[in-house]
Amino acid sequence: MNERHATTTLSAGTAVGLAGVLATGFVAGWERFWINWIFWFLFVLTIGLGCLFIVALEHVVSARWSVPLRRVPERLSSLAILMAPALLLALLSLPVLYPWTRPEAHADPVIAGKAGWLNVPFFAARAVACVGLWAISYRILVSGSVRQDQERNPRFNVRVRRFAPVFLVIFGITITVVAFDWISSLEPAWYSDVFGVYIFAGTFLAGLAASTLAVLYLMAKGKLPGVQADHVYNLGGFLFAFTVFWAYIGFAQYLLMWYANMPEEVFWYKERLQGGWGLLVLALAVFHFFVPFLVLIPRIAKSEPKRLARIAVVVLLAHWLDLYWMVFPVLGQGPVFGWPELSFALFFIPGSLLWFRHMMSRGAAMPVGDPILREGLEFRL
Amino acid sequence: MSNTAFSVLGLFDSSQQLMEAIPSVKAKVSARLNAYTPYPVHGIGKALGLRKSPVGGMVFVMGLIGALSAMAFELWTAGIDYPLVTAGKPYLSWQSFVPIMFEVTVLFACFTSGLGMLFLLNRLPFFRHPMLRSKSMPFVTRDKFALAVEAEGQALDVDAAAAALRAAGAQMIEVVEQPAPLAPVSPNFLMRVFSVIGISCLVAGCLTYWGVKLFPVTIPMVHMLDQPRLDPQQENSYFGDGFGMRMPVAGTVARIPLPYAVKSQNDASALGNPLPRTESVLKQGRQAYDTVCAVCHGLLANGEPSLTSAYGAKPANLVAEKIRNYSDGMIHFVIMNGKNAMPSYASDLTQDERWAVVHYLRALQRALNAKDTDIPKESRK
């Protein structure tokens with residue numbers, strides 16, 4: 001498929017998806033519309049934020065191997081910026097989806113006790129603050145790097161190395177806010193302290209999988225000359241490590257709640273283990289942990305493009321399933337996947353791909369102005 | 001041909017020269033090649049054609065065995081051998097097995113990778129590696145790179161190997177000889193080793209014995225002994241009379257246990273056993289006897305318990321004639337008040353249990369002093 005053909009197909013997909021998205025609101029109801037909306041913007045947002053985290057991580061630890069690959073997560077992280085309007089728009093979903101916005105919910109002392117955090121003005125302020133912090137971080141981390149392509153100014157490396165640790169703090173706080181506000185507060189009576197870390201694990205994994213896929217695609221296209229299997233191996237190693245991290249955090253959260261058996265904690269799991277949702281948990285265990293873990297064990301699997309690409313797709317789909325399993329049970333029925341979900345997928349996925357292609361076409365595919373690029377290219381295991 | 005050569009070494013100035021020499025030497029010599037370098041050289045394993053390390057496979061298999069054996073052990077202990085309700089969960093709660101399975105997997109995997117690498121693959125302990133006597137080794141640990149043609153236990157064509165190395169650009173050639181086999185261990189040496197081990201064990205044993213005997217037993221932890229509670233007979237300022245223990249309300253009638261009005265042995269002898277001699281009473285007596293009395297008097301009541309008494313006094317032989325002639329009331333009196341070194345067991349046994357023990361003791365006495373007439377007529381010969 002040539003470039004123009006691909007663009008046409010993706011645009012057509014997005015347009016059809018958009019029609020379906022609008023139809024969802026008017027035909028299938030606004031609850032279905034908003035649940036899909038927040039689910040899909042969260043899916044794309046977590047990929048973008050995960051990539052921004054990868055970029056910052058490289059600067060914090062002064063990694064060399066990832067410098068030739070850095071432009072890919074940098075461009076992918078613009079998805080977080082793309083999703084910022086979607087997030088602000090989703091504030092309209094508060095009265096439809098979030099029970100704590102209704103005054104009668106405050107009869108429950110648990111929800112009333114959380115009113116200091118869960119109230120509309122503060123919620124909106126946090127959403128705006130998160131978007132603002134991401135935009136500033138993106139400008140410093142990514143736009144500066146892109147500008148360096150022309151300016152070749154090595155002072156960027158010094159400045160960004162000073163900012164990157166600050167971003168890690170911003171990231172840690174904002175990702176927790178996203179987890180608590182947009183996912184956890186769908187069921188406002190629920191308590192889980194580790195939930196932010198759980199969402200972080202999925203976010204980082206999604207960013208890694210998307211970056212790996214994009215890197216492998218660009219390598220196959222010959223856009224990343226000099227990038228070797230050794231570089232890709234590290235992405236595979238990260239993917240391997242963080243599937244275990246995700247499983248560890250996910251299971252730790254479940255185990256403690258299962259042991260303590262407190263009503264304000266277990267009801268969340270009870271809803272998500274009954275009926276068809278129980279099967280989804282099984283699928284999560286298999287595809288979010290066992291399959292990537294076992295496939296990525298052999299050394300060759302971490303650098304062989306075909307195998308790694310397949311696993312990256314599996315991990316992305318598993319992240320999708322993970323979010324779906326957390327968000328959709330609030331509709332109070334079994335797992336649904338009808339034409340509304342399909343049109344949202346058609347709208348968000350080709351739309352994001354179009355955006356990524358557009359961003360990649362705006363400059364070099366590698367940070368050519370970075371003085372340590374050569375050192376990065378010479379990296380061998 | 002030489003049967004004593006371990007390997008032929010050629011020294012090179014740089015890693016690049018070494019890497020270039022490998023294919024040319026490989027083409028001329030069929031024996032296995034090995035390299036010794038002051039630091040890891042990228043890609044040298046592939047160039048030398050080294051075998052893939054079996055450590056990965058070993059670790060995987062042992063990790064799996066670790067997980068499965070932990071699971072089997074937990075299933076057996078928690079589900080079959082000693083089912084115990086913990087925190088109101090079912091006996092076979094797989095959730096609680098997972099952390100232990102995880103830890104045992106890691107333990108097995110770590111031990112396998114560490115010990116397997118050292119002992120199985122590198123054959124440690126191995127004190128006389130031929131390379132330790134090579135004159136080139138000091139150079140290799142500094143700034144030279146050595147390529148070795150190894151004999152692998154077969155005859156090595158030293159001249160051909162040396163010629164191939166020289167042709168590839170080696171500056172110094174060294175033939176490393178197989179070391180002479182170790183002299184067999186002398187009986188004298190063995191005697192000394194075993195004597196030292198024997199004497200050490202003896203000294204350690206004696207020290208432990210005397211240490212335990214001579215030093216008074218100290219209580220290592222007093223947590224539960226040292227409680228903010230009122231002990232019997234303790235003073236208490238809360239009540240006006242200063243006593244911690246209270247008198248029952250006036251007119252209180254004791255129901256269980258019934259009052260025991262016996263004051264002296266003579267009174268006691270007059271008391272009869274209030275319980276009937278039925279199978280269930282004997283069973284109750286046996287259980288109480290085995291729990292409380294058998295520790296000192298022995299399961300057969302013959303004063304020979306499995307535990308030798310820790311303090312000098314020898315427990316009474318309860319089946320001896322003297323005790324056989326005691327009345328039931330007298331035996332009960334001894335249980336209530338103790339005798340010689342024996343303390344009172346009134347608080348360890350209920351009234352019914354005490355009388356049941358008396359019945360059971362009578363049965364033991366009879367059994368150990370049986371007459372011919374006790375055997376049923378049909379069985380006598």
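This briefing walks through a sheet in chain B and the helices around it. The model is predicted. At its heart for our purposes is an open sheet of 4 strands in chain B, paired antiparallel in the order 2-3-1-4. Helix 1 and helix 6 are described with the sheet, and helix 3 and helix 4 as a pair.

**The sheet**

- Following the order 2-3-1-4 in chain B, strand 2 (32-36) and strand 4 (172-177) stand at the edges.
- Each of these two edge strands of chain B has a single partner strand, so one side of each is left without a neighbour in the sheet.
- On average, neighbouring strands of this sheet are turned by 25° against each other, direction ignored.
- Strand 1 (residues 5-12) and strand 3 (residues 145-150) of chain B run antiparallel and are joined by 6 bridges.
- Opposite L11(B) you will find A146(B), in strand 3 of chain B.

**Helices on the sheet**

- Helix 1 (residues 15-28) of chain B lies across strand 1, strand 2 and strand 3 of chain B, and runs at about 20° to strand 3.
- Helix 6 (residues 158-167) of chain B also packs on the sheet, where it touches strand 1, strand 3 and strand 4 of chain B.
- The direction of helix 6 makes about 15° with that of strand 1 of chain B.

**A pair of helices**

- Helix 3 (residues 55-81) and helix 4 (residues 94-121) of chain B pack at an angle of about 145°, and their axes are 7 Å apart.
- The crossing of helix 3 and helix 4 of chain B is right-handed.
- Sorted by class, the contact between helix 3 and helix 4 of chain B has 18 nonpolar, 8 polar and 1 charged residues.

Methods: Residues numbered from 1 in each chain as written. Chains lettered and ligands numbered in written order. Predicted model: local features only at pLDDT ≥ 70, side-chain atom pairs only at ≥ 80, totals over all residues. Heavy atoms only, no water. Pairing = 2+ DSSP bridges. Axes fitted to C-alpha atoms, helices over the stretch in contact; angles between N-to-C directions. Contact = heavy atoms within 4.5 Å. Left-handed = near helix turned anticlockwise from the far one by under 90°. Nonpolar A, V, L, I, M, F, W, Y, C, P; charged D, E, K, R; others polar.
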